[in-house]
Amino acid sequence: MSEDTIFELDKKYTPFLFKAIEAAKKSEFVTKYKYDIDHFYISFDNYISINNGVSCYTIRFYSREITQDNWMDVGAGGIVIDDINVDIDIDSGDVISIYASR
């Protein structure tokens, strides 16, 4: 990766990212609560979770950056962060669920 590159994503993960962005933009969090995910941070860890017996990736959208220095302050009485989580089936590529952390 060159020093001018912000980030690179292996092409095998690209469909998951696009699917998550599309699902998040159509979700109630954006349409009803007016979350502006065009300005959210995105987290996509190479971790497989299980949702109702289905292996999936979770792509997370955060309104504020979560760092090693502030993650303990997130939550009740601390830093307020709007977030959307999208679980996507690894095998089919289907969106399994869209939810907020709180």
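**Core packing, helix α1 and aromatic pairs**

The largest nonpolar core holds 17 residues, of which Y35, I37, I59, F61, I84 and V86 touch the most other members. At least two residues of this core come from each of α1, α2, β3 and β4. Helix α1 supplies the largest share, 5 residues. The model is a predicted one. In soluble globular proteins, nonpolar side chains tend to be buried together.

F61 illustrates the contacts of one such core member. Leaving aside residues up to four places away in sequence, F61 touches A20, I21 and A24. F61 also touches F40, Y41 and I42, as well as D82, D83, I84 and V86.

Helix α1 was examined next. This helix covers residues 14-26, 13 residues in total. At 1.5 Å a residue it should span 18 Å, and its end C-alpha atoms are 19 Å apart, which agrees. Its residues F16, L17, A20, A23 and A24 are buried. Viewed down the helix axis, the buried residues of α1 fall within an arc of 135 degrees, so they line one face. The general geometry is simple: an α-helix has 3.6 residues a turn, so residues three or four places apart point the same way. On α1, the face turned away from the buried side carries exposed residues, namely P15, F18 and K26.

The buried residues of α1 pack against one helix and four strands. The helix is α2 (28-31). The strands are β1 (41-44), β3 (54-62), β4 (83-89) and β5 (95-99).

Aromatic rings were then considered. A pair of aromatic rings is described by the distance of the centres and the angle of the planes. The model contains 6 aromatic pairs. In one of them, Y35 and F40, the ring centres lie 6.0 Å apart and the planes meet at 35 degrees, so the pair is tilted. Y35 and F40 are both buried. F44 and Y57 form another pair, which is edge-to-face, with 5.5 Å between centres and 65 degrees between planes. F44 belongs to strand β1 and Y57 to strand β3, so this pair ties together parts that are 13 residues apart in sequence. Y57 has a relative accessible area of 8% and is therefore buried.

The pair of F44 and Y57 is part of a wider grouping. Ring pairs link these two residues with Y13 and F16 into a cluster. F16 is also one of the buried residues of α1.

Notes: Residues are numbered from 1 along each chain as its sequence is written. This is a predicted model: local features need pLDDT of at least 70, side-chain atom pairs count only at pLDDT 80 or more; totals for chains, interfaces and linings use all residues. Side-chain values use heavy atoms; hydrogens and water are left out. The expected span of a helix is 1.5 Å times one less than its number of residues. Buried means under 20% relative accessible area, exposed over 50%, partly exposed in between (1.4 Å probe, protein chains only). The arc is that of the directions from the helix axis to the C-beta atoms. Contact means heavy atoms within 4.5 Å. Rings of Phe, Tyr and Trp (its six-membered ring) pair if their centres lie within 6.5 Å; planes under 30 degrees apart count as stacked, over 60 as edge-to-face and the rest as tilted. A nonpolar core is a set of buried Ala, Val, Leu, Ile, Met, Phe, Trp, Tyr and Cys residues joined through side-chain atoms within 4.5 Å.
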